[in-house]
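Here are a few short exercises to work through with the model open in your viewer. Try each one before you read the solution.

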Amino acid sequence: MKITEVRVIVTCPGRNYVLVKIVTDEPGLYGVGDATLNGRELAVASALQEHIAPLLIGRDPDRIEDTWQYLFRGAYWRGGPVLMTALAGVDLALWDIKGKRAGLPLYSLLGGKTREGALAYTHVGGRDFAEVEDGVRAAMARGFRVVRVQVAVPGNRGTYGVAAGSAKGDFPREGLPPEEVWEPSPYLRTIPRLLAHLRETVGEELELLHDVHERLNPVQAARLAKELEPYHLFFLEDPLRPEHKESFRLVRAASATPLAMGELFHTRWDCLPLIQEQLIDFIRCDIGHLGGVTEARKVAALAETFQVQTAWHGPGDIAPPTHAANVHLDVSLPNFGVQEMVFFPEAVHEVIPGAPEYRDGALWPSESPGLGCDINEEAAAKYPYRRAYLPTTRRADGSVHDW
Ligand code: EZ4
Ligand code: CO
């Protein structure tokens, strides 16, 4: 069997997605992958089209590991978000083909189920504590047992994870990234109060978590983890930027708040220092930015060895094939922890059918062979690419901070 064609499909059913369709010489047999990188979509599409697709034509799609090694090690230039997202798109499509050939869902190829469904968490953001509380109650009514909570911070303009119109940042010029203003002091005062409010009003049983989005310095992160300790978070997400892994020692030493990190990691070597020193409790890489299922399995095996659980990134700006891959891994891995999820709008289901189904607080894998997703190319063509960016964050004095 040979790969005959690699199609890169860029579409915007509400937001931009880059999809990979790998076609084989076996009639009707193809695989579908996701290679979306928010704000840099066309860089990945071009890497795939111009540099990677020509290397795949004529190769045996069954040899996933060899293809992965060939693209990662064989190219000399390796790693980074663009190349590892492109590699993930190829990797997912190849696993999809393997599953379809075998007539088995991906989880079965990964060793079979260790559980039936994947415990899932949803996002709740609000302009104030009351709005967050309402959102949390609505999520509980929908069956969620784990909820991520974010709140607008007085004095800051635009808050990560808060969708409400008035909380959004300003656009410096039409078509450029929106700009938000963020200061650590009000943020550090607000978040413990939010958690105190939620524990008083919704009780102790619901699992809560919060995403710092890598904005704090080590001592600020240590303070937050310590002050959140009484509220028993499920985990505190991404307290620090990805560069200084050793800074996690300070946060770890300050409290017993469980820590999670990983959506900005691109290889197992990024994850290794935090895992082997047991500085985190959850590794939450984005499979779509990590070179796919092939690398995620290796990260999960490293994590299992050190009692670290998985919490793969599952935001709305990666496409359903990556969400499907998440859940196939979740139900097969022994050290699965929790799965982040979103509800996709109807247009996404139309263009990319097969996102994992949500029911009773969990996500359930497709029983179809492979990943269980498809691409409706006619529908995709109705939604052409629209240039868009993630926001930029500035401090109050105007200097650039990390978004
Ligand atoms: O900001 O996917 O946990 N989820 C997140 C996401 C990321 C986006 C970046 O493209 O932090 O919302
Ligand atoms: Co995050």
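**Exercise 1.** Find which backbone oxygen the side chain of threonine 190 reaches.

*Solution.* Keep in mind that this is a predicted model. Start by placing the residue: threonine 190 sits in helix α6, which spans residues 184-202. Next, follow its side chain, which gets to the backbone oxygen of proline 186 at 2.7 Å. That fits within the 3.5 Å cut-off for a polar contact. Last, check the exposure: threonine 190 has a relative accessible area of 8%, so this residue counts as buried.

**Exercise 2.** Work out which residues coordinate the cobalt ion (ligand 2), and how they are spaced in sequence.

*Solution.* Look at the donor atoms to begin with. The cobalt ion (ligand 2) is held by Asp211 (OD), Glu237 (OE) and Glu263 (OE), at 2.0 to 2.2 Å. Now read those donors along the chain, and you get the pattern D-x25-E-x25-E. Then map two of them onto the strands: aspartate 211 belongs to β7 (residues 207-211) and glutamate 237 to β8 (residues 235-237), so this pair ties together parts that are 26 residues apart in sequence. Both aspartate 211 and glutamate 237 are buried.

**Exercise 3.** Describe the surroundings of ligand 1: which residues come nearest, and which side chains have polar atoms by its oxygen atoms?

*Solution.* First, the neighbours. There are 14 residues around ligand 1, and Tyr160, His213, Glu237, Glu263 and Asp317 come nearest. Sort that shell by class and you find seven charged, four nonpolar and three polar residues.

Second, go through the side-chain distances to oxygen atoms of ligand 1:

- histidine 213, from an N or O atom: 2.6 Å
- glutamate 237, from a polar atom: 2.9 Å
- aspartate 211, from an N or O atom: 3.1 Å

Third, ask how much of the ligand is covered. On its own, ligand 1 has 330 Å² of accessible area, and the protein covers 88% of that.

**Exercise 4.** Why does the pair of cysteine 285 and cysteine 271 not count as a disulfide?

*Solution.* Recall what the bond is: a disulfide links the sulfur atoms of two cysteines covalently. The cut-off for the sulfur pair is 2.5 Å. The closest cysteine sulfur to that of cysteine 285 is in cysteine 271, 3.4 Å away, which is too far for a bond. Cysteine 285 is also buried, with a relative accessible area of 0%.

Now widen the search: the whole structure has zero disulfides. Cysteine 12, for one, has its nearest cysteine sulfur 19 Å away, in cysteine 373. Cysteine 12 is buried too, at a relative accessible area of 4%.

Definitions and conventions:
Residues numbered from 1 in each chain as written. Chains lettered and ligands numbered in written order. Predicted model: local features only at pLDDT ≥ 70, side-chain atom pairs only at ≥ 80, totals over all residues. Heavy atoms only, no water. Near = heavy atom within 4 Å. Polar contact = N/O pair within 3.5 Å; in protein donor to acceptor, adjacent residues only side chain to side chain. Areas by Shrake-Rupley, 256 points an atom, 1.4 Å probe, with all protein chains shown as cover. Nonpolar A, V, L, I, M, F, W, Y, C, P; charged D, E, K, R; others polar. Donors = N, O, S within 2.8 Å, 3.2 Å for Na, K, Ca; no water. Helix = DSSP H or I, 4+ residues; strand = E, 2+ residues; numbered from the N terminus. Buried < 20%, exposed > 50% of the residue type's maximum accessible area, 1.4 Å probe, protein only.
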